[in-house]
Amino acid sequence: MAHALRLAERGLYTAQPNPRVGCVIAHGDAVVGTGFHRRAGEPHAEVYALREAAGRARGATAYVTLEPCAHQGRTPPCSDALIAAGVARVVIAAEDPFPQVDGRGIGKLRAAGITVESGLMREAARELNIGFFSRIERGRPWVRVKLAMSLDGRTALANGESKWITGEAARVDVQRWRARSSAILSGSGTVLADDPRLTVRLPEDEEFTPPLRVLLDRQLRIPAGRQVLDGTAPTLVLHGAAASCADDRFARVERMAMATRDNLLDLQAVLALLAGRDCNEVHVEAGPTLCGALFAAGLVDELLLYVAPLLLGDSARPLLRLPPLTDMASRWQLQVVDQRMLGADLRLRLRPR
């Protein structure tokens, strides 16, 4: 199963919106077939593994990181393929909550006389597809907020200058987190201050599915000529119903009006919209106002925090704008999931307790 999970990781940047899935077919310790799901519309992991195994799949055990599908989508049901190949046993890491699967794959296999076991390395399999499970089970994507700060908790100078707080290794790392995401979310303030591209820049030999750029611009303030409006990547601009635009600066991107709440776009509605567009993981790169609003609303699932060994002073911009606390019992507590050094910078992955 560990081998199958490593195979599944090969679809980390390409499989979305589908889950990342790996499969290993074996007789005891002898592996006869392996496969992983590369991208939506192409064969699933089980199909590649069965092709490699050919006749040796009969009587074998298939280790699959996610319950085999039981319905006809863009590809035939994998449960039927396993049955037809004559496998004797299927070991599944995690059950698939997708309504058209959700136990049906296991049921089909058992009805055909195949022994089915589930739960082996379940947590690792769910972690690999944390956005997919979030979208299906909670109705919203997994929200990961990326922030870079100085040792004194500042993200930019008072004039907005922030290039660069972190070093090259940290910035390369950010590109990989962007690449695994379905959408990159930012606000008009960040676009006005930094003119970011919000695209993925990986070595030419690495494949990825370009994430959707999502811009929250309640008043349609983003001016013409900004890189996010260049049409080089799929882009969605969300604005308030009262906002209007008489020129063609948004001609190359999609625009949509959203409900507002407390002079902000309704963030829960934004995430529901993105879930409806099959977004699994949303990577947020924005300023302290939008990031703080997401955090205060309980919509942040993970913080990706890069800490640089420098100081910017107390007039520089803060990490997050959060409501004031009246007592320590109300403080926001975070759990460290992972920490590592990237050059001179420290990267922390944190999740709300």
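Select F133 to begin: this residue is buried, with a relative accessible area of 3%, where buried means under 20% relative accessible area, exposed over 50% and partly exposed in between, computed with a 1.4 Å probe and protein chains only. The model is a predicted one, in which local features need pLDDT of at least 70 and side-chain atom pairs count only at pLDDT 80 or more, while totals for chains, interfaces and linings use all residues. Residues are numbered from 1 along each chain as its sequence is written, and side-chain values use heavy atoms, with hydrogens and water left out.

Now add F132, which is buried with a relative accessible area of 5%. The structure holds 2 aromatic pairs, a term for rings of Phe, Tyr and Trp (its six-membered ring) whose centres lie within 6.5 Å, with planes under 30 degrees apart counted as stacked, over 60 as edge-to-face and the rest as tilted. F132 and F133 form an edge-to-face pair, 5.7 Å centre to centre and with 75° between the planes.

Move next to F295 and W332, which form an edge-to-face pair at 6.1 Å centre to centre, with 70° between the planes. This pair links distant parts of the chain, 37 residues apart, with F295 in helix α10 (residues 288-296) and W332 in the loop between β16 and β17; helices (H or I, at least four residues) and strands (E, at least two) are DSSP runs numbered from the N terminus. F295 counts as buried at 9% relative accessibility, whereas W332 is partly exposed at 36%.

Keep W332 selected and add L322 and L325: the three form a nonpolar patch on the surface, with about 250 Å² of accessible area together. Patches of this kind are made of residues with over 30% relative accessible area and no salt bridge, with nonpolar side chains (Val, Leu, Ile, Met, Phe, Trp, Tyr) joined within 5 Å.

The next stop is E46, which the UniProt annotation "active site" (unreviewed entry) covers. E46 lies in helix α2 (residues 45-53) and is buried, with a relative accessible area of 2%. Leaving aside neighbours within four places in sequence, E46 is in contact (heavy atoms within 4.5 Å) with C23, V64, L66, P68, C78 and L82.

Finally, select T14, in the loop between α1 (2-8) and β1 (22-27), which counts as buried at 5% relative accessibility. Beyond its neighbours within four places in sequence, T14 is in contact with R38, R39, E207, F208 and T209. Adding S181 shows a separation of 9.8 Å between the C-alpha atoms of T14 and S181, which are 167 residues apart along the chain.

Note on methods. Patches are made of residues with over 30% relative accessible area and no salt bridge: like charges are joined within 9 Å, nonpolar side chains (Val, Leu, Ile, Met, Phe, Trp, Tyr) within 5 Å. Accessible areas come from the Shrake-Rupley method with a 1.4 Å probe; for residues, only the protein chains shown count as cover. A salt bridge is a side-chain nitrogen of Lys or Arg within 4 Å of a carboxyl oxygen of Asp or Glu. UniProt positions are given in the numbering used here, feature names are shortened, and annotations may be inferred rather than shown by experiment.
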